[in-house]
Amino acid sequence: MGSADTTALSSRYNGTSCDIFHGTWVVDDLNPYPLYAPGSCPFLDDSFNCFKNGRLDSDYIRLRWKPHGCHIPRFDGREMLEMLRGKRVVFVGDSLNRNMWESLVCALRESLVDKSRLLEVSGRRNFRTRGFFSFLFKDYHCSIDFIKSPFLVQEWRISTKAGARRETLRLDMIQGSSIKYNDADIIIYNTGHWWTHQKTNRGNNYFQEGNKVYSRLEVEDAYSRALRTWSQWVDSNINASQTKVFFMGYSASHFKGGQWNSGGSCKGEVKPITNDTFLAKYPWMMSVLESIIEEMKTPVFYLNITKMTDYRKDGHPSIFRQADGGQLFKQKMVQDCSHWCLPGVPDSWNELLYATLLMFQESSV
């Protein structure tokens, strides 16, 4: 097994090993879902809070991820907080990682008897400008942080010959916020959706290495170079005996009839995909990521959520999101078929994270 540990999970419940990312979505009548009641967590972004935004159906929050051939434990917030006692967990990445971070905070909060003991360390207004947000579980001396870094490498500004300032992306430089988390106990990275976003401008005069700005560079090449910069930084700056490193894979989108900015829709989807022939092609970005983390000296646990999310065309906010002015998006406006309602699909990602931490704990005994 190489650095990318993607398949083995020794379950303390049945003693077997399996690929926990290969499975199916099932209704669990013995252990009802969700992990926290819709509308119960005050820390959700409005854009993820589909219940608050008027979504009335509920089947999408009752599904549990069940791997083929083994059992994973139901999320136990108290046990996870005990595992995280005295530790710092940091999510680093884009808004899909923010989706997972908020899910974890809400799931852990549900286990607290005195919920006032969960503290917001940094204000939400500050987050918008600083890209950093932190929650402290005071009784456990544990913090769960999020650092915005959609590319993992540094967004940059250069001066043109005409004296104007314009953005580039430094493929050879890790984002500066890395100094804020290199000593964390657990780091969960992701990147992906912004590499298909029009922000990359299809590679024209946007990507930079040193003083060279490429007039044209394919996004696939730029992504590979950026991930190598990230991997080299991790290998040089992370103490693997102290810090566990995770990388969350590409979370599937389900736009029909266009993309996010061209009329794409997922409105009315209330059931997951059940036939694998309707799943999307495996993202090229994940093949690149897998090859890079296999070469790293630092162990990286790869949370390969791509296929499990591809089934869930029913779990997106769609029209049940809010505009900046607090008004619900209208049908003709932009739908969100990339992020996930909370409670919802990201809660299962955190169950897999919980199961993996249990595995690490048992292997160290």
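**Exercise 1. Determine how far strand β6 (residues 132-137) is enclosed by the rest of the structure.**

*Solution.* In this predicted model, the burial of each residue of β6 is examined, a residue being buried when its relative accessible area is under 20%. Five of the six residues of β6 meet this criterion, so the strand is largely enclosed by the rest of the structure.

**Exercise 2. Identify the strands that pair with β6, and state in which sense each pairing runs.**

*Solution.* Step 1: strand β5 (residues 118-120) pairs with β6 in the antiparallel sense, over three bridges. Within this pairing, Glu120 has Phe135 of β6 as its bridge partner.

Step 2: strand β7 (residues 142-148) is also joined to β6, through six bridges, and the two run antiparallel. Here Phe133 stands opposite Phe146 of β7.

Step 3: the connection between β6 and β7 is a hairpin with four residues between the strands, in which His141 adopts a positive phi near 50 degrees.

**Exercise 3. For the open sheet containing β8, β9, β11 and β12, establish the strand order and locate the edges.**

*Solution.* Step 1: the four strands follow the order β8-β9-β11-β12, with mixed pairing.

Step 2: β8 (153-159) and β12 (212-213) each have a single partner strand; they therefore stand at the edges, and one side of each lacks a neighbour in the sheet.

Step 3: β9 (residues 165-174) and β11 (residues 207-209) run parallel and are joined by two bridges. Leu169 has Phe207 of β11 as its bridge partner.

Step 4: helix α4 packs on this sheet, where it touches β8, β9 and β11, and its direction makes about 50 degrees with that of β9.

**Exercise 4. Classify the packing of helix α4 (residues 219-237) against helix α5 (residues 284-294), and describe the contact.**

*Solution.* Step 1: the two helices pack at an angle of about 30 degrees, and their axes lie 10 Å apart. Because angles under 35 degrees count as roughly parallel, α4 is roughly parallel to α5.

Step 2: the crossing of α4 and α5 is right-handed.

Step 3: α4 contributes Val219, Glu220, Tyr223, Ser224, Leu227, Arg228, Trp230 and Ser231 to the contact, while α5 contributes Trp284, Met285, Met286, Val288, Leu289, Ile292 and Ile293.

Step 4: sorted by class, the contact of α4 with α5 comprises eleven nonpolar, two polar and two charged residues.

Terms used
Residues numbered from 1 in each chain as written. Predicted model: local features only at pLDDT ≥ 70, side-chain atom pairs only at ≥ 80, totals over all residues. Heavy atoms only, no water. Axes fitted to C-alpha atoms, helices over the stretch in contact; angles between N-to-C directions. Parallel < 35°, antiparallel > 145°, perpendicular 65-115°, else oblique. Left-handed = near helix turned anticlockwise from the far one by under 90°. Contact = heavy atoms within 4.5 Å. Nonpolar A, V, L, I, M, F, W, Y, C, P; charged D, E, K, R; others polar. Pairing = 2+ DSSP bridges. Buried < 20%, exposed > 50% of the residue type's maximum accessible area, 1.4 Å probe, protein only.
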